[in-house]
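Please look at how two helices pack against each other in this structure, and at a few places where the backbone takes a notable form.

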Amino acid sequence: MGPLTDQLRREPPGLHAGGEEYWGLAWEALAWLEREVRPGMATLETGSGASTLVLAAADADHVAVTPAADEEERFRAECARRGIDGSRVSFRIGLSHEVLPTLDGPLDLVLIDGAHGFPYPVLDWWHVAARLNVGGRMLIDDAYMPPVRALVDALRAQPHWELEEAASFRTAVVRKVADGLPSFDWEGERIGGGVGFAYLPARERVVASARQRLFSTRVGLRAVELARRRTGLRFRRRG
Ligand SMILES: C[S@@+](CC[C@H](N)C(=O)[O-])C[C@H]1O[C@@H](n2cnc3c(N)ncnc32)[C@H](O)[C@@H]1O
């Protein structure tokens, strides 16, 4: 893991829910951003949080779209506290399906991690897909959730997108390999469905499914609660 991801892991910042919660990307996905993003890359995310800190520290020209204005205040305070230059990050406060159509300009990398209910992940993708440079990558978080999985399943089946190695057990990565619209006809691909990890290699898929099942049990929920007490923050239960 990179040094900032390690630091965030040791000391997760309360950036969400009035400063009471940590809803960040999985550590592996934060490490992926820390490793892959280069200074001056044009990046955009829906939602904000730990990922925004990592993108700021990477010196990306970054835009974060979130309806929560207080997230920007917490981000700026956290930058100051950790000695991160946040001046290349701009926030657009509002709902992504309303804000994204007002923005333009080419992008090198996108993170979709805002609203997770259907159809918002699909709308987020739709509004930025044409802006992403060919060769650029998109991280799609919580890819096992049916409304998000529908998007990832559809992209896996399309010739303009290629599924790459996942950035974490819940973070799918797709690369845009050509410009173009999705097919106007349904070609029989299975999209959506229940909780599933089909974007992971077989062994990781088994582990992720078992972990998902475990953390949905009473014992698993109790373990999450203990972790919460240890850090003083509530970790968002995803799934
Ligand atoms: C899971 S958190 C993002 C976590 C972040 N990527 C990180 O690493 O900490 C979800 C984010 O989506 C934002 N959000 C919720 N509804 C949204 C919407 N309709 N449009 C854009 N962002 C939204 C929340 O305010 C929050 O910042």
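The crossing of α3 and α4 is right-handed, a term for a near helix turned clockwise from the far one by less than a right angle, with anticlockwise counting as left-handed. This is a predicted model, in which local features need pLDDT of at least 70 and side-chain atom pairs count only at pLDDT 80 or more, while totals for chains, interfaces and linings use all residues. Residues are numbered from 1 along each chain as its sequence is written.

The axes of helix α3 (residues 50-57) and helix α4 (residues 69-82) come within 10 Å and cross at roughly 50°. The two helices are therefore oblique to each other, since angles under 35 degrees count as roughly parallel, over 145 as roughly antiparallel, 65 to 115 as roughly perpendicular and the rest as oblique. In this contact, T52, L53 and A56 of α3 meet F75, E78 and C79 of α4, where contact requires C-beta atoms, placed from the backbone, to lie within 7 Å.

Turning to the backbone, F118 and P119 are joined by a cis peptide bond with omega of about 5°, and P119 belongs to the loop between β5 (107-112) and α6 (120-129). Two residues that are not glycine have a positive phi, as tabulated here.

| Residue | Phi | Loop between |
|---|---|---|
| A17 | about 50° | α1 (3-10) and β1 (21-22) |
| D142 | about 60° | β6 (132-141) and α7 (146-156) |

D142 is buried, with 20 other C-beta atoms within 10 Å, whereas A17 is partly exposed, with 15; buried means 20 or more such atoms within 10 Å, exposed 12 or fewer, and partly exposed in between.

Conventions:
Axes fitted to C-alpha atoms, helices over the stretch in contact; angles between N-to-C directions. Helix = DSSP H or I, 4+ residues; strand = E, 2+ residues; numbered from the N terminus. Contact = placed C-beta atoms within 7 Å.
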